[in-house]
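The following explanation is intended for a reader who meets this structure for the first time. Please keep the sequence and the model in view while reading.

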Amino acid sequence: MAGQPSLYNAVVNDAVKPISWLIGRWKTEQGKGYYPTIEPFGYCEEVEFTSIGQPILNYHSYSWHPEKKNPMHLETGFLRIKPGTNELAFMVAHNFGLSVIEEGTVDGTTVVLKTKKINRMSFAKGSAVLVTVRTLSLEGDKLKQVISMATDTQPLTEHLTAIYEKVP
Ligand code: HEM
């Protein structure tokens, strides 16, 4: 459209340089899911962090069943850095009825985020999530993500571990 800027050719904002290693599309062969209340499961997932020149990374994740290929968990959000610091805030909407603000820090190539606020639809699926802790780290050229959560019935316990390769 005439006059509309091209968002995806933007230069990476200086403020997001500490988290620029996240930029790209990352795909896992098979992530592992587990929790005391459910049967362990495998899943495939693609996550994407993009920069459109703002001091924010845009985020999208979708996962699907390894054999049946049906979509599973979906997330979309924005990872904001407080310019000039290593302080992060991640706003994430989950398809099963949660919206979460996670806050934390980046240290080198490790991001640790913990929930600050959670909103849950009154008829959201599953138990009520009270806390999430998300760790994203680079291991060589692979991205690792571990997510733990506490619910109204369980203390803080790991729910997911996944290793992703960058999609060229
Ligand atoms: C921060 C991210 C996530 C949160 C907060 C979350 C939360 C939850 C909760 C609260 C439950 C119900 C546990 C219970 O009732 O005790 C659950 C179950 C489950 N989660 Fe997640 N989840 C997340 C990411 C994912 C992802 C990426 C997958 C990948 C496919 C996934 C797959 C499942 C499955 C298969 C179950 C069991 C069946 C079901 O309730 O649908 N979750 N999750």
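The paragraphs below turn from the overall fold to its strands and then to the ligand.

The model shown here is predicted. Its strands offer a suitable place to begin. A barrel is closed by 10 strands, taken in the order 1-2-3-4-5-6-7-8-9-10, with antiparallel pairing. From one strand to the next, the twist averages 20°.

A walk along part of this barrel may start at strand 2, which covers residues 38-50. Strand 2 pairs with strand 3 in the antiparallel sense, and 7 bridges connect the two. Within this pairing, cysteine 44 stands opposite tryptophan 64 of strand 3. The hairpin of strand 2 and strand 3 has 5 residues between the strands, and glycine 53 in this hairpin adopts a positive phi near 90°.

Strand 3 itself deserves attention. To what extent is strand 3 enclosed by the rest of the structure? The strand spans residues 56-64, and 7 of its 9 residues are buried, so strand 3 is largely enclosed by the rest of the structure. Buried here refers to a relative accessible area under 20%.

On to the next pairing: strand 3 and strand 4, the latter made of residues 71-81, are antiparallel and share 8 bridges. Tyrosine 62 faces its partner in strand 4, leucine 74, which stands opposite. The hairpin of strand 3 and strand 4 places 6 residues between the strands, and lysine 69 there has a positive phi near 65°.

The account now moves to strand 10 and its partners. Strand 9, formed by residues 142-151, runs antiparallel to strand 10 and is joined to strand 10 by 7 bridges. A hairpin of 5 residues leads from strand 9 to strand 10. Two opposed positions may be located on the model: serine 148 stands opposite glutamate 158 in strand 10, and glutamine 145 stands opposite alanine 162 in strand 10.

Which strand also pairs with strand 10 over 5 bridges? Strand 1, residues 24-35, does so in the antiparallel sense, with strand 10 comprising residues 157-166. In this pairing glycine 33 is set opposite leucine 160 of strand 10.

Threonine 161 is also part of strand 10. Its side chain forms a polar contact of 2.3 Å with the side chain of tyrosine 34. Setting aside residues up to four places away in sequence, threonine 161 touches Gly31, Lys32, Tyr34, Tyr43, Lys144, Gln145 and Val146.

The last subject is the ligand. There are 18 residues around the ligand, and those that come nearest are Thr37, Phe41, Lys125, Ser127 and His159. Which protein residue supplies a donor to the iron atom of the ligand? The single donor from the protein is His159, whose NE2 atom is 2.2 Å away from the iron. Histidine 159 belongs to strand 10, the strand that 7 bridges join to strand 9. In addition, a polar side-chain atom of histidine 159 lies 3.0 Å from a nitrogen atom of the ligand.

Oxygen atoms of the ligand also lie beside polar side chains. For threonine 37, a polar side-chain atom is 2.6 Å from an oxygen atom of the ligand. For serine 127, an N or O atom of the side chain is 2.7 Å from an oxygen atom of the ligand.

Note on methods: Residues numbered from 1 in each chain as written. Predicted model: local features only at pLDDT ≥ 70, side-chain atom pairs only at ≥ 80, totals over all residues. Heavy atoms only, no water. Pairing = 2+ DSSP bridges. Donors = N, O, S within 2.8 Å, 3.2 Å for Na, K, Ca; no water. Axes fitted to C-alpha atoms, helices over the stretch in contact; angles between N-to-C directions. Buried < 20%, exposed > 50% of the residue type's maximum accessible area, 1.4 Å probe, protein only. Polar contact = N/O pair within 3.5 Å; in protein donor to acceptor, adjacent residues only side chain to side chain. Contact = heavy atoms within 4.5 Å. Near = heavy atom within 4 Å.
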